[in-house]
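Got your viewer open? Let's take a walk through this one, selecting a few residues at each stop.

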Amino acid sequence: MPAQPGPVTGESDPEEPDPEDGAQDWQLDHSRAPIATKIVVAGGFGVGKTTFVRAVSEITPLQTEALMTRASEETDDLTATPDKLTTTVAMDFGRITLDNDLVLYVFGTPGQQRFWFMWDDLVRGAIGAIVLADTRRLTDCFPALDYFESCGLPYVVAVNHFEGTERFEPEDVREALTITPEVPVVIMDARKRYSVVETLLAMVEHALSATPE
């Protein structure tokens, strides 16, 4: 049989996908490597940290959720969140790319006191933190505020609005928490991506102003 003609040198198989399909500009331009930063989301038990990370992550978020059992009934107060069935026992992790040149790695901390020993590792290398607050139980975010104040990490307070709860102005929350005027206070909804993105941008802006270097 006559030999079949081979492919012409230099031609690519039209069936093969272009490796650059779907790539963003900064991924193809080696002179524009994106800046990767780490942000920590903290707050009390059941305040919405897992929801926050899930709403904004462009990848499938890493979650360490465990079913709640009767053993935790005496330590985990479900008065404000009676439908909560799971809790974070290690961390939540997600990623979002902003403005092509900025990649945020978002780490959610566990809220219960018995897991606070992990905070030092989660916070290491972060440029700032977001403290989620529920106006029905503002005292739950005091430990996070004290922690970030003591370690000098820039932070913003994000009031996660729950349905059926009274709305408060940011300055009212600031006064109740006795935080300084330099700390931004935002009202947001952890279920809505655009609201979470705005909160992250406020955190990045605050971190840059606090530590411009």
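Start by selecting Phe-93, Tyr-105 and Phe-107: ring pairs link these residues into a cluster. Keep in mind that you're looking at a predicted model. Across the whole structure, a search turns up 4 aromatic pairs. One of them is Phe-93 with Tyr-105, a stacked pair with 6.0 Å from centre to centre and 10 degrees between the planes. This pair links distant parts of the chain, since Phe-93 belongs to strand S3 (residues 86–98) and Tyr-105 to strand S4 (residues 102–108), 12 residues apart.

Now switch on the surface. Is Phe-93 buried or exposed? Phe-93 counts as buried because its relative accessible area is 18%, under the 20% cut-off. Tyr-105, at 30%, is partly exposed.

Next, add Lys-38 to your selection. Lys-38 lies over the face of Phe-107, 4.6 Å from the ring centre.

For a similar kind of stop, pick Arg-136 and Phe-162. Here the charged end of Arg-136 sits over the Phe-162 ring, 4.7 Å from its centre.

Stay with Phe-162, as this residue also helps line the largest cavity, along with others including Thr-135, His-161, Arg-167 and Ile-187. That cavity holds about 60 Å³ of space, and its lining has 4 nonpolar, 4 polar and 2 charged residues.

Last stop: the second largest cavity, with about 30 Å³ of space. Select Gly-44, Val-47, Leu-132, Ala-133, Asp-134, Arg-137, Asp-140 and Cys-141 to see its lining. What is the mix here of nonpolar, polar and charged residues? There are 4 nonpolar, 1 polar and 3 charged.

Methods
Residues are numbered from 1 along each chain as its sequence is written. This is a predicted model: local features need pLDDT of at least 70, side-chain atom pairs count only at pLDDT 80 or more; totals for chains, interfaces and linings use all residues. Side-chain values use heavy atoms; hydrogens and water are left out. On a 1 Å grid over the protein atoms alone, a cavity is a set of points where a 1.4 Å probe fits but cannot get out, and a pocket is an open set with protein on both sides within 12 Å along at least five of seven lines; lining residues have an atom within 4 Å of a point. Grid points are joined across faces, edges and corners, and a volume is the space filled by probe spheres set on the points. Ala, Val, Leu, Ile, Met, Phe, Trp, Tyr, Cys and Pro count as nonpolar, Asp, Glu, Lys and Arg as charged, and the others, Gly among them, as polar. Rings of Phe, Tyr and Trp (its six-membered ring) pair if their centres lie within 6.5 Å; planes under 30 degrees apart count as stacked, over 60 as edge-to-face and the rest as tilted. Helices (H or I, at least four residues) and strands (E, at least two) are DSSP runs, numbered from the N terminus. Buried means under 20% relative accessible area, exposed over 50%, partly exposed in between (1.4 Å probe, protein chains only). A charge sits over a ring if NZ of Lys or CZ of Arg is within 6 Å of the ring centre and within 35 degrees of the ring normal.
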